[in-house]
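Work through the exercises below with the sequence and the coordinates side by side. Each one sets a task and is followed by a solution in steps.

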Amino acid sequence: VELRQAAAVAFKNHVKFKWEPAAAAASDDDAENTTEVTANGNGAPSTSTAAAIPPEVKHQVKASIVALMLSAPPAVRAQLSEALAVIGKYDFPSRWPELLPDLVARLQRANSAAAAEAAAAAQAPPSCPAASAAPAPSLAATHGVLATANAICKRYRGAFMTDSLSAELEYSQRLAGPLLDSLRCALGRARAFTRAARAARAGSQ
């Protein structure tokens with residue numbers, strides 16, 4: 001995990017300075033004095049604005065990062081989330097139109113799985129493992145999607161309303177329905193496990 005976390009930190013920093021290097025430099029008040037550590041440990045003038053990430057590499061990153069968010073451990077996911085926030089700032093939604101449909105589809109699949117898990121838990125006898133409170137795969141998928149959406153939407157917090165911002169927020173409402181379904185699934189799962197726990201206590205008396 002430590003190695004993956006270190007790689008995630010390096011990836012986040014690479015994205016931060018080279019996804020849109022000109023914009024990153026302009027937003028840094030001390031851009032001209034920025035130093036980065038070279039391989040031999042010496043400080044050297046930053047060359048982060050020298051070369052942007054190529055478009056084909058950006059495409060590969062955007063095609064893979066959501067799946068990584070769903071499967072990564074929390075420490076790695078936290079670093080990927082920061083990288084996502086940077087990518088979303090520059091690319092979402094106009095240069096990343098496939099992101100929102102992907103999140104909607106993943107959340108809908110997670111909701112369907114959660115509903116099936118809740119139904120299995122409700123029908124299982126108290127002694128069955130399905131009636132236990134063990135984490136379910138659908139919960140990990142839901143958490144990953146929500147973490148991704150949170151990273152993308154960070155830039156909207158505290159932003160002044162404009163016509164373009166209003167259009168982006170309206171576009172993002174496509175995720176509202178699956179989010180509501182996810183909440184309903186979570187409530188159904190909680191009720192199912194509550195009933196299973198009560199049945200288990202009643203059976204032990």
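## Exercise 1: A salt bridge within one helix

Because R184 and D181 are three residues apart in helix α8, about one helical turn separates them. This is a predicted model, and the task is to describe how the side chains of R184 and D181 are paired and to state which classes of accessibility the two residues fall into.

**Solution.** Begin with the pairing: R184 and D181 form a salt bridge in which the closest N and O atoms are 3.2 Å apart. Next, take the accessibility of each partner in turn. R184 has a relative accessible area of 51%, and since exposed means over 50%, this residue is classed as exposed. D181, with a relative accessible area of 33%, is partly exposed.

## Exercise 2: Salt bridges that share partners

Find out how many salt bridges a search of the whole structure gives, and then trace those formed by R95.

**Solution.** The search of the whole structure finds eight salt bridges. One of them joins R95 to E20, with 3.2 Å between the closest N and O atoms. This pair links distant parts of the chain, as R95 is in the loop between α4 and α5 (99-123), whereas E20 is in the loop between α1 and α2 (21-27), and the two are 75 residues apart.

The next step is to follow R95 to D91, where the side chains meet in a salt bridge of 3.3 Å, N to O. Here the two partners fall into separate classes: R95 is partly exposed, with a relative accessible area of 43%, whereas D91 counts as buried, with 2% relative accessibility.

Finally, place these pairs in their wider setting: salt bridges that share partners join E20, K58, K62, D91 and R95 into one network.

## Exercise 3: The two sides of helix α1

Determine which residues of α1 are buried, which are exposed on the other side, and what the buried residues pack against.

**Solution.** Start with the dimensions of the helix. Helix α1 runs over residues 2-18, which makes 17 residues, and from its first C-alpha to its last it reaches 24 Å, close to the 24 Å expected at 1.5 Å a residue.

Then sort its residues by accessibility. A8, K12 and V15 are buried in α1. They cover an arc of only 70 degrees around the axis, and therefore lie on the same side of α1. On the other side of the helix, E2 and L3 are exposed. The last step is to find the packing partner, which for the buried residues of α1 is α4 (74-91).

## Exercise 4: A buried valine in helix α4

Locate V76, and establish which residues V76 touches, not counting those up to four places away in sequence.

**Solution.** V76 lies in helix α4 and is buried, as its relative accessible area of 5% is under the 20% limit. With residues up to four places away in sequence left out, V76 touches V1, R4, Q5 and A8. A distance adds to this description: V76 and L3 are 73 residues apart in sequence, while their C-alpha atoms are 9.7 Å apart in space.

## Exercise 5: A threonine and a nonpolar patch

Is T142 buried or exposed, and which residues form a nonpolar patch on the surface?

**Solution.** T142 is found in helix α6 (residues 137-153), and at 11% relative accessibility T142 counts as buried. Leaving out residues up to four places away in sequence, T142 touches L107, A110 and S182.

For the second part, the nonpolar patch on the surface is formed by L180, L183 and L187, which together have about 260 Å² of accessible area. L180 lies in helix α8 (residues 176-204) and counts as partly exposed, at 41% relative accessibility.

## Exercise 6: The chain as a whole

Summarise the secondary structure, the burial and the contacts of the protein chain.

**Solution.** Begin with the elements: the protein chain has eight helices and two strands, which follow the pattern α-α-β-β-α-α-α-α-α-α along the sequence. Of the 205 residues in the chain, 34% are buried. Turning to the contacts between residues at least 6 apart in sequence, 76% join residues at least 24 apart. To finish, the accessible surface of the chain comes to about 12,100 Å², and 59% of this surface belongs to carbon and sulfur atoms.

Definitions and conventions. Residues numbered from 1 in each chain as written. Predicted model: local features only at pLDDT ≥ 70, side-chain atom pairs only at ≥ 80, totals over all residues. Heavy atoms only, no water. Helix = DSSP H or I, 4+ residues; strand = E, 2+ residues; numbered from the N terminus. Expected span 1.5 Å × (residues − 1). Buried < 20%, exposed > 50% of the residue type's maximum accessible area, 1.4 Å probe, protein only. Arc of directions from axis to C-beta. Contact = heavy atoms within 4.5 Å. Patch = residues over 30% accessible without salt bridge, like charges linked within 9 Å, V, L, I, M, F, W, Y side chains within 5 Å. Areas by Shrake-Rupley, 256 points an atom, 1.4 Å probe, with all protein chains shown as cover. Salt bridge = Lys/Arg side-chain N within 4 Å of Asp/Glu carboxyl O.
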